Amino acid sequence: MKLIALVGTTAAKSYNRDLLTYMQKHFSAQADIDVNEITEIPLFNEPATDDLPAAVQTLNDKISHADGIIIGVPEYDHAVPAALKNVIEWLSYQLHPFAHKPIMLVGTSLGVQGTCRAQEELRSILNAPGVDGIVLPGNEYMLSYAQKAFDQTGTLTQDGSVKFLESCFKNFVQFVKMLQGTPASTVKWQGNYDVIVLGFGGAGATAARFAADHGSKVLLVDTAPFGHEGGNTRYSAQHVVTGESLEKLTAYYRALSAPFNTPEKTLNAYLTGMSRIPEYFQKYLGIKAVSWKHDIKPGDAVAVKKTMAEYPELPGSDTVDFALVHKRDKDAGLWKVLRQEVLKRTDNIDVWLDSRAQHLIQDPVSKVIRGVQIERNHQVLNIHATHGVVMAMGGFENNSALTETYLHSHHLTPLGTLYNRGDGIRMAQEVGAKMWHMTNYESHGILPGITFKEGPNERGRQIEQWPLLRHGSIFVVADDGTRYFPEDAKHRHGHIQTHGSWLIPMMNQHPYIVFDQHQYADFKQQLADRGRLPYPQFLDKLVHAETIADLADKIGVPADHLQQTVADFNHYTEAGRDYAFGRDPKTMRAIDDGPYYAIAATNDVLNTQGGPQRNENAQILNTNDQPIPHLFGAGELGGIIANCYQGGGNLAECLIFGKLAGESAATTTADDELVNATKANGINDLADGESAANVPLAPNQYLGSSNSGLGGKVVVRVTYKDQAIQNVEVVQHHESEDVGLVAVSKIPEEIVAANSTEVDAISGASASSRAIKEAVNDALKQAKQPATN
């Protein structure tokens, strides 16, 4: 919305000017306010020609193209200043830009009476024929004792005055839209929160928590079902990077990003927070951080490290450390703490699980993000966000279309969550967000950039310590049957050094790990010695052949290439030097005369970094590098990492930008529309899931659940004995308070009477009836499972 503000005086010092400048900044998320002086307007002389003064013509053009006008009205001698009246005379003689324009009046004074007489007179003037302005009725904003109302930065400090000004401005915005013929809202809302956070991983949990701590009612939404929430945070190693010196961290991260540049303010916000992670743990998580560098000793559950830095050769790396919540890792320890912080705030945070955000709802004029469209239980709900939306939805590693476009791979097997589907990319693009770091991603796996091939929609295995994959008569081949990287390479989140750069080995559609009978015997011996292999399905998935040519045929590579690869590998072994890739010859043993084996591998991904760019306040930027009003970002969706990655950096980013995003969203100026819809409010799948897990069970009692209800999860306790359903109790539900409650009451009785869930649904409550029956069936599955020792 474009508004023109007129300073109604030519005085050098004017509190009306200060008020308009304050409004320009304070309401920047809702409107573009252009503050204009009238000092260049000459005295009106009723010219006989059409040749008007340039200053008059310029002001006319600005007002003509504006959606509305705000006038700062001083009061002199109980009347409008002559300079302001002079402007109106110019603009109602031959030009008429005020005609049918919505106008808001504000005013300041040094005394108690404000500018009541001047505003009353000005309303009459603006209503005169030839002027024909349309002044916002009521909403008379008059600031008394203006000399005491502003601080040194020009900020209005009186809370009561600010709130009244916000109320008047909100009414003016609605007034402008009404006169434009634009409805205040064409959206039918089903719920209303102060802040909506999309994504319940480390970043989303943190954003929701800090928004709640700033007084906001928060809706936290995730597409994963109960028990699978947590994003990549729950699957990460739980290391949070930190460092004692901000100066050294800055040098290190600039070197990591080179040759790319990260905006200085955004980088500084990240690294300042990183340098304070131990204090963050203590203040906000109630935990004394364990320093890996200083606290870990031999014999602890995590090993002593020689260096914490992933790239110790870079300047500033010696300051790098890891903060842990305890002397363990890879146990979701940090995630459990963050999740518990959300559970502590159930009075202010509602959690929707198994619910997928579809679109951001954006005002077409102001571009303010007003809410989110969410699909839940096969219903599409429009949920309003009064203050803002935080996008913390993770990356796009499970979206083949996006990985094809940006990562040159049809499929990357995820090592983390299966629910990062790139929804945030699409939704941010729809509202004009600027993307960055889209080709940057991290890997891990069993060898640099690869893991064992799994079935569709299955997570890959991450096995860092399995020497038999790197030592012996074993190597990896690409689609053409040739080797393409040193199998013993020390990798840094999948990246290995290639001609001076650190890159993940090139993509292949079907890489294989190939080895001989001697290596197979080593695997069998390890199984005999330890009782299991690090990958239990390893032997079952092997491809076996008597000759290299037959093996090549079975794994789909050219036989002559694979035969030459074996010959070259054996030659390098005999020569004591891997001329192709520089693998340590001590790790190489010549391939024997067979039989031969192979196991399918696949390219993997730990996480992507690309997404909408954010600034130092966690505001998401548009393609003109301006914040999209009421939209914020945190975590791996638009991560700050531009090139090489330091382990623990994404978790640090979740904590740092999660906090910034939550606080920024909670404290931003409220949306100008009053929304009272609360039909969808009050549901908390996380709390329900936790309480369901704590429902006491007597002998022959079983819990079952369903997400098919209209309101959310339905949980039942079923007593089943002697092949009979003896009792059904609905212990958790969010069904409607009309026919839904009838189903809650009647369906369990009918199931018990029929000793079956094949009972008729309650008329008008089919969804509630279905959910109860599904939940009972879920419990019966457990009841009928054979007992195990």
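This is a guided tour of a predicted model, with suggestions for what to select in your viewer at each stop.

**Stop 1: the domains**

Start by colouring the chain by domain. Domain 1 covers 2-180, and domain 2 is pieced together from 191-352, 360-396, 415-442 and 607-667. Domain 3 spans 450-604, while domain 4 takes in 692-784.

Now show domains 2 and 3 together. How many residues of domain 2 are in contact with domain 3? The count is 14 residues of domain 2, which touch 15 residues of domain 3. If you place a marker at the C-alpha centre of each of these two domains, the markers will sit 36 Å apart.

**Stop 2: a pocket between domains 1 and 2**

Next, select Ser-28, Ala-29, Pro-627, Ile-628 and Pro-629. Of the 27 residues that line the second largest pocket, these lie nearest its centre. The pocket holds about 640 Å³ of space.

Why does this pocket lie between two domains? Domain 1 and domain 2 both give residues to its lining, so the pocket is found between them.

To see the secondary structure around the space, add α1 (15-26), β2 (32-36), β29 (627-633) and α17 (649-667), each of which supplies at least two lining residues. Strand β29 gives the largest share, with five residues. Colour the lining by residue class and you should find 16 polar, nine nonpolar and two charged residues.

**Stop 3: the largest cavity**

Leave the pocket and turn to the enclosed spaces. The structure has four cavities of 30 Å³ or more, and the largest cavity has a volume of about 340 Å³. Select Gly-199, Ala-392, Met-393, Gly-394 and Asn-420 to find its middle: among the 34 lining residues, these are the closest to the centre.

Show α6 (202-213), β13 (355-362) and α13 (423-430) as well, since each contributes at least two residues to this lining. By class, the lining of the largest cavity is made up of twelve nonpolar, 16 polar and six charged residues.

**Stop 4: a hairpin that starts from β13**

You already have β13 on screen, so extend the selection to β14 (369-376). The two strands pair in the antiparallel sense over seven bridges. One pair to label is Arg-356 with Glu-375, which stands opposite in β14.

Six residues lie between the strands of this hairpin. Which residue of the hairpin takes a positive phi? Pick Lys-367: its phi is near 70°.

**Stop 5: the second largest cavity**

Now select Tyr-253, Leu-256, Ser-257, Thr-262, Leu-267, Tyr-270, Ile-640, Ile-641, Ala-642 and Cys-644, which line the second largest cavity. Helices α7 (246-257) and α8 (264-275) are the elements that give two or more residues to this lining. The largest share, three residues, comes from α7.

This cavity holds about 60 Å³ of space. Its lining has eight nonpolar residues, two polar residues and no charged ones.

**Stop 6: a three-stranded sheet, β9-β11-β10**

Hide the cavities and show the strands in the order β9-β11-β10, an open sheet of three strands with antiparallel pairing. β9 (240-243) and β10 (290-291) stand at the edges with a single partner strand each, so one side of each has no neighbour in the sheet.

Zoom in on β9 and β11 (320-324), which run antiparallel and are joined by four bridges. Label Val-240 and you will find its bridge partner in β11, Ala-323.

**Stop 7: another sheet, with a helix across it**

Finish with the open sheet β30-β31-β32, which has three strands and antiparallel pairing. Here the edge strands are β30 (701-706) and β32 (724-732), each pairing on one side only. On average, neighbouring strands of this sheet are turned by 25° against each other, with direction ignored.

Select β31 (714-721) along with β32 to see an antiparallel pair joined by seven bridges. Thr-719 is a handy residue to label, with Asn-727 standing opposite in β32.

Finally, bring in helix α20 (766-783). Which strands does α20 lie across? Helix α20 lies across β30, β31 and β32, and runs at about 140° to β30.

How values were computed:
Residues numbered from 1 in each chain as written. Predicted model: local features only at pLDDT ≥ 70, side-chain atom pairs only at ≥ 80, totals over all residues. Heavy atoms only, no water. 1 Å grid on protein atoms, 1.4 Å probe; cavity = no way out; pocket = protein on both sides within 12 Å on 5 of 7 lines; lining within 4 Å. Points joined across faces, edges and corners; volume = space filled by probe spheres on them. Nonpolar A, V, L, I, M, F, W, Y, C, P; charged D, E, K, R; others polar. Domains from an automatic or database assignment. Pairing = 2+ DSSP bridges. Axes fitted to C-alpha atoms, helices over the stretch in contact; angles between N-to-C directions. Contact = heavy atoms within 4.5 Å.
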